[in-house]
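Colleague: I would like a close look at one part of this model, the nonpolar core, and at how the rest of the chain is arranged with it. Please keep the account plain.

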Amino acid sequence: MLRRTTVVLTSILAMLLSTAQGAQAHGGGGFSPGAPGIGDAYYPLDGNGGYDVRHYDLDIGYTPATDVLTGVATISARATQNLSAFNLDFEGLTIRSLTVDGKAAAYTRNGGELTVTPRHGLRKGRGFTVVVRYDGVPQTIDDPNLGLTGIFHTDDGMIMAGQPDVAATWYPVNDHPKDKASYTIRTTVPEGLEVVSNGALTGTKTRRGLTTWTWDAPEPMASYLVTVNVGQFDITSYRSGGIRYWDAVDPDLPGSSYGPFIKSAFDRHPEINGFLADVFGPYPFRTSGGIVDDMEGLGFALETQTRPIYSKYFFTSADNGAGVVVHELAHQWYGDSLAVGRWQDIWLNEGFATYAEWLWTEHEGQGTPQQIFDASYADFPADHPFWQLKIGDPGPVNLFDYPVYLRGAMTLQVLRNRVGDDAFFRIVRGWAQTRKGDNVTTPEFIAFAERVSRQQLDDLFDTWLFTPGRPEVASPARASADSAAPAAPELRR
Ligand SMILES: [Zn+2]
């Protein structure tokens, strides 16, 4: 993300200096400031060190007429070192008050880093509560590589969704997937509007023309997977296969050209989750569903936990609609339940979700994963730039480039061909089930695949994940004039 990287170096220097000074100032007792970043090489200032958040209680107010968001964030955390000070990630909005364990705490802000100095040091292992009151108009991120993400002000409300680090634009947060937490999201809006978020709707309450919607997400969630949507929504809720669904669709959409395909895709939610559970093991959460707002210019779908968000533009046919839903629901296993431990491992999300689409295509009788692999392989000549990206280490600028998706899925097909169907499905299922709720990395996946298959696989992964160029395959695919060439996606998913 250029938006970040341009400021990163100077900010890091400033942070390191202030950290060093802070350590000296607090001197004895072994208390020192937490690190300003959680240790991600791609985004050095994302997340923070020295504590672990257990729960965020977000009390949000949103006024569509002014776009002003007011917030009271109550953050329950535990110190993982003796802390003299700690950082939160927080961009732009105005802080009105900040307390730690009920007492006003000193704080400074430097770019997206909010440094909090409590009155007394926080001893390692100790639980503490931070309350931040704030308000302002959240700013949409316009990233040169990723386009617009974060808040989208719509005609009747807003959408809040983006990756990798938009959470800090609307609440103070330890903004990295490594620090998952549970959430309660209470959003107050003018009566007559709906609010859709993650997890379960546990209550609505109207008073003096304002309605408060409470959504509870008890299963630990990475910060970028938190979403709030305000506006006019038709909300459908039902239970199927032990999962409670909430589907939310803008009432302007059913009468549009997208309407029938949104409906046909969303009607298949239980069927798709059932299909994915048959392959990957039990669905990892208690709730599910999907969200489509009638928003021009929203160019992506995102696997927001339990309830993905979709650009309406995906729903141009029954197959396209079902395909994107398969992709985002597959992320619930690979991306959400298993979250990346480092952003460089993003292929573990996108390669798996794309491979799930291939499995679904076969399930629908429209071609096998091997056929899709062959067509993809043939579609990109050896000298095509497609083959130049090292998807196991794509760099922040290329984090969501097409090869991360397609070559990622191809890597899994090559793995399947090497170890055989039985071992392959034990690998992908065992990976999802044994690491449920955890953070994962590529080296861990390689080790897991080798353990399950009892094969040495580092040559395969070195070639497919870390070596530019088109790998040789055992039986090279022949380019055929009528093979369905996969079009590079205009919409990110
Ligand atoms: Zn995806």
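Modeller: What follows begins with the whole model, goes on to the core and one helix, and ends with the strands.

This is a predicted model, so the confidence comes before the details. The mean pLDDT of the protein is 93, and 91% of its residues reach 70 or more. Residues 1-11, by contrast, have a pLDDT below 50, and this stretch has 17 contacts in the model beyond near neighbours in sequence. Residues 16-27 also stay under 50, with 10 contacts beyond four places in sequence. Where pLDDT is low, the predicted coordinates should not be read in detail.

As for overall form, the C-alpha trace spans about 70 × 55 × 40 Å along its principal axes. A compact globule of 493 residues would have a radius of gyration near 23 Å, and because the protein has 23 Å, the two agree. Buried residues make up 47% of the 493. Among contacts between residues at least 6 apart in sequence, 69% join residues at least 24 apart. The secondary structure comes to 10 helices and 22 strands.

Now the core. In soluble globular proteins, nonpolar side chains tend to be buried together. Here the largest nonpolar core has 133 residues, and Val-116, Ala-330 and Ala-356 are those with the most contacts inside it. Take Val-116 as an example. Leaving aside neighbours within four places in sequence, Val-116 is in contact with Ala-85, Phe-86, Leu-88, Leu-98, Val-100, Ala-105, Tyr-107 and Val-130.

The largest share of this core, 10 residues, comes from helix H7. H7 is mostly covered, with 15 of its 18 residues buried. The helix runs over residues 402-419, and at 1.5 Å a residue it should span 26 Å; its end C-alpha atoms are 26 Å apart, so the expected span and the model agree. After H7 comes Gly-420, which has a positive phi, near 90°.

The strands remain. Strands of a sheet pair through backbone hydrogen bonds, either parallel or antiparallel. One open sheet is formed by 8 strands in the order E5-E4-E8-E2-E1-E12-E15-E14, and its pairing is mixed. At the edges are E5 (103-104) and E14 (200-207), each of which pairs on one side only. The partner of E5 is strand E4 (residues 94-100); the two pair in the antiparallel sense over 2 bridges. In this pairing, Thr-99 has Ala-104 of E5 as its bridge partner.

Another set of strands to follow is E9, E10 and E11. Strand E9 (residues 141-143) runs antiparallel to strand E10 (residues 147-153), and 3 bridges join them. One of the pairings puts Ile-141 opposite Thr-149 of E10 as bridge partner. The connection from E9 to E10 is a hairpin through 3 residues. E10 is in turn joined by 4 bridges to strand E11 (residues 158-161), again in the antiparallel sense. Here Gly-150 has Ala-161 of E11 as its bridge partner, and a hairpin through 4 residues leads from E10 to E11.

Conventions. Residues numbered from 1 in each chain as written. Predicted model: local features only at pLDDT ≥ 70, side-chain atom pairs only at ≥ 80, totals over all residues. pLDDT = per-residue confidence, 0-100. Contact = placed C-beta atoms within 7 Å. Expected span 1.5 Å × (residues − 1). Buried ≥ 20, exposed ≤ 12 C-beta atoms within 10 Å, placed from the backbone. Pairing = 2+ DSSP bridges. Core = buried A, V, L, I, M, F, W, Y, C linked by C-beta atoms within 7 Å. Rg over C-alpha atoms; globule rule 2.2 N^0.38 Å.
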